[in-house]
Amino acid sequence: MLHRRTFGLATAGLLAAPALRAQGFPARPLRLVVAFPPGGPTDVVARILAERMGRELGQPVVVGHRGGANGNIAAEAVAKS
């Protein structure tokens with residue numbers, strides 16, 4: 001059951017991707033929110049990912065850390081943005 005739901009969501013995301021790309025990006029930099037404090041292995045991976053995303057998208061990507069509460073603080077920050 002879980003695989004069917006995951007496949008359905010992935011398919012919907014792939015079908016919506018051209019429409020999202022056609023809208024263009026906002027004028028401000030993109031923000032990548034990491035749910036762990038800076039200085040760890042997730043910070044290194046996030047910074048490498050942000051650099052590659054920035055090159056590919058032609059838009060600056062800023063890494064922001066919101067550690068704590070098992071990722072709930074980061075999820076709340078993303079939901080409010």
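F36 counts as partly exposed, with a relative accessibility of 49%. This residue is found in the loop between β1 and α2. Leaving aside residues up to four places away in sequence, F36 touches T42, H65 and G67. F36 also shows how the chain folds back. F36 and N70 are 34 residues apart in sequence, yet their C-alpha atoms are 8.7 Å apart in space.

Now step back to the whole chain. This is a predicted model. The mean pLDDT of the chain is 78, and 68% of its residues reach 70 or more. Confidence is lowest in helix α1, residues 2–23, at a mean of 58. Confidence is highest in β2, at 91. Where pLDDT is low, the predicted coordinates should not be read in detail. The account below therefore stays with β1, α2 and β2, and leaves the detail of α1 alone.

The chain has 3 helices and 2 strands. From the N terminus on, the elements run α-β-α-β-α. Buried residues make up 14% of the 81 residues. Among contacts with a separation of 6 or more, 70% are between residues 24 or more positions apart.

How do the two strands run? Strand β1 covers residues 30–34 and strand β2 covers residues 61–65, and the two run parallel. They are joined by 5 bridges. R31 stands opposite V62 in β2. Further along, V34 stands opposite H65 in β2. H65 is also one of the residues that F36 touches.

Between the strands comes helix α2, residues 41–57. Together, β1, α2 and β2 make a right-handed β-α-β unit. The length of α2 can be checked. At 1.5 Å a residue, its 17 residues should span 24 Å. The end C-alpha atoms of α2 are 24 Å apart, so the two values agree. After α2 comes G58, whose phi is positive, near 70°.

Which residues of α2 are buried? They are D43, A46, A50 and G54. These residues cover an arc of only 65° around the axis, so they lie on the same side of α2. What does that side pack against? The buried residues of α2 pack against β1 and β2. The face turned away from the buried side carries exposed residues: P41, V45, R52, R55 and E56. α2 thus has a buried side and a face with exposed residues turned away from it.

D43 deserves a closer look. This residue is found in helix α2. Is D43 buried or exposed? Its relative accessible area is 9%; buried means under 20%, so D43 is buried. D43 touches P38 and H65, not counting residues up to four places away in sequence.

H65 ties several of these points together. This residue of β2 stands opposite V34. D43 touches H65, and F36 touches H65 too. Starting from H65, the reader can trace contacts to α2 through D43 and to the loop between β1 and α2 through F36.

Notes
Residues numbered from 1 in each chain as written. Predicted model: local features only at pLDDT ≥ 70, side-chain atom pairs only at ≥ 80, totals over all residues. Heavy atoms only, no water. Pairing = 2+ DSSP bridges. Helix = DSSP H or I, 4+ residues; strand = E, 2+ residues; numbered from the N terminus. Right-handed = clockwise from strand over helix to strand, strands pointing away. Buried < 20%, exposed > 50% of the residue type's maximum accessible area, 1.4 Å probe, protein only. Contact = heavy atoms within 4.5 Å. pLDDT = per-residue confidence, 0-100. Expected span 1.5 Å × (residues − 1). Arc of directions from axis to C-beta.
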